[in-house]
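This briefing sets out selected features of one protein chain, grouped by topic. Please keep the sequence and the model at hand while reading.

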Amino acid sequence: VLGQSLCKDVRILAVRVLGDARTEVLFSERPGLQTGDRIVLGDGFACGAICSQDQLEVLRGTLSGGHVLESSLDVRRFTLAVGFNSTGGSTQDYPSFNVSQGTWARTSRLQTKEELMATEQVGEPCCSAGAGRGDFVEAGILTFESPPVMPVATLSPTGTASGVTAPVVVSFQTSSSRPEYSAEGHSRLTLSFRAS
């Protein structure tokens, strides 16, 4: 499942309706989520007392693209921006949901090792499949930005004889405006040559 933390099978253990606009979820481990992330709920959720199938579908969030999260002081507890009306005016009259190792997926962020490219600076909507029914909802915007221009970039031949194959020296300096260019570790340089 997309949103679940790497290396650990993080599940939802409990769901508690807090009011008409908020519902609390308890994860088995720190889920790697933050305020503003959006999730949908998957398998492992069922109606408890005073609950309808429509309310269960609203809780899952598959038709709306998911629910926005707000973090709490407890790293395993988050509130969803979805709630339900009380049928009798007290907190005991909110719908309840039974949870058995509930699955979930983050729809607001995605990580991939695939190379994504665009030919121009653009923001494109990304869609998420809703509950396997073939319906799609907007999950967010994928933004492509033009990289900063390198202040220095040269291609220098090592020989001057015409018609003779010779190596070239490529030198460049990355821009200081992007912190990822100055990060320690491995980098990959890809040179692409266009035939003219």
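Six strands form an open sheet with antiparallel pairing, and their order across the sheet is 1-2-6-5-3-8. The edges are strand 1 (12-17) and strand 8 (104-106), each of which pairs on one side only. The model is a predicted one. The points below cover the sheet, a histidine in strand 5, the aromatic pairs, the disulfide and two residues with positive phi.

**Sheet**

- Neighbouring strands of the six-stranded sheet are turned against each other by 35 degrees on average, with direction ignored.
- Within the order 1-2-6-5-3-8, strand 6 stands between strand 2 and strand 5.
- Three bridges connect strand 5 and strand 6, which pair in the antiparallel sense.
- L69 has L80 of strand 6 standing opposite.

**H67 in strand 5**

- H67 belongs to strand 5, which covers residues 67-71.
- The relative accessibility of H67 is 6%, so this histidine counts as buried, the limit for that class being under 20%.
- A polar atom of the H67 side chain lies 3.1 Å from the backbone oxygen of L59.
- Apart from neighbours within four places in sequence, the residues in contact with H67 are D37, R38, I39, V58, L59, R60, G61, L80, A81 and V82.
- L80 therefore appears twice in this account: L80 is in contact with H67, and L80 stands opposite L69.

**Aromatic pairs**

- A pair of aromatic rings is described by two quantities, the distance of the centres and the angle of the planes.
- The structure has three aromatic pairs.
- The ring centres of F27 and F78 are 5.8 Å apart and the planes meet at 90 degrees, so this pair is edge-to-face; the class requires an angle over 60 degrees.
- This pair links distant parts of the chain, since F27 is in strand 2 (residues 23-27) and F78 is in strand 6 (residues 77-80), 51 residues apart.
- F27 and F78 are both buried.
- The aromatic pair of F84 and F97 is tilted, with 5.6 Å from centre to centre and 50 degrees between the planes.
- F84 and F97 also link distant parts of the chain: F84 is in the loop between strand 6 and strand 7 (97-99), F97 is in strand 7, and 13 residues separate them.
- F84 is buried, as is F97.
- Ring pairs join F27, F78 and W104 into a cluster.

**Disulfide**

- One disulfide is found in a search of the whole structure.
- This disulfide joins C47 to C51, with an S to S distance of 2.1 Å.
- The torsion about the S-S bond of C47 and C51 is about -50 degrees, and the disulfide is therefore left-handed.
- C47 has a relative accessible area of 21% and is partly exposed.

**Positive phi outside glycine**

- I50 is not a glycine, yet its phi is positive, at about 50 degrees.
- The loop between strand 4 (45-47) and helix 1 (53-60) holds I50.
- With a relative accessible area of 41%, I50 is partly exposed.
- Q101 is likewise a residue other than glycine with a positive phi, near 50 degrees.
- Q101 is placed in the loop between strand 7 and strand 8.
- The relative accessibility of Q101 is 46%, so Q101 counts as partly exposed.

Technical notes
Residues are numbered from 1 along each chain as its sequence is written. This is a predicted model: local features need pLDDT of at least 70, side-chain atom pairs count only at pLDDT 80 or more; totals for chains, interfaces and linings use all residues. Side-chain values use heavy atoms; hydrogens and water are left out. Rings of Phe, Tyr and Trp (its six-membered ring) pair if their centres lie within 6.5 Å; planes under 30 degrees apart count as stacked, over 60 as edge-to-face and the rest as tilted. Helices (H or I, at least four residues) and strands (E, at least two) are DSSP runs, numbered from the N terminus. Buried means under 20% relative accessible area, exposed over 50%, partly exposed in between (1.4 Å probe, protein chains only). A disulfide is a pair of cysteine sulfur atoms within 2.5 Å. A polar contact is a pair of N or O atoms within 3.5 Å; within protein, one must be able to donate a hydrogen and the other to accept it, and residues adjacent in sequence count only if both atoms are side-chain atoms. Contact means heavy atoms within 4.5 Å. Two strands pair if DSSP finds at least two bridges between them. Axes are lines fitted to C-alpha atoms, for helices over the stretch in contact, and angles run from 0 to 180 degrees between N-to-C directions.
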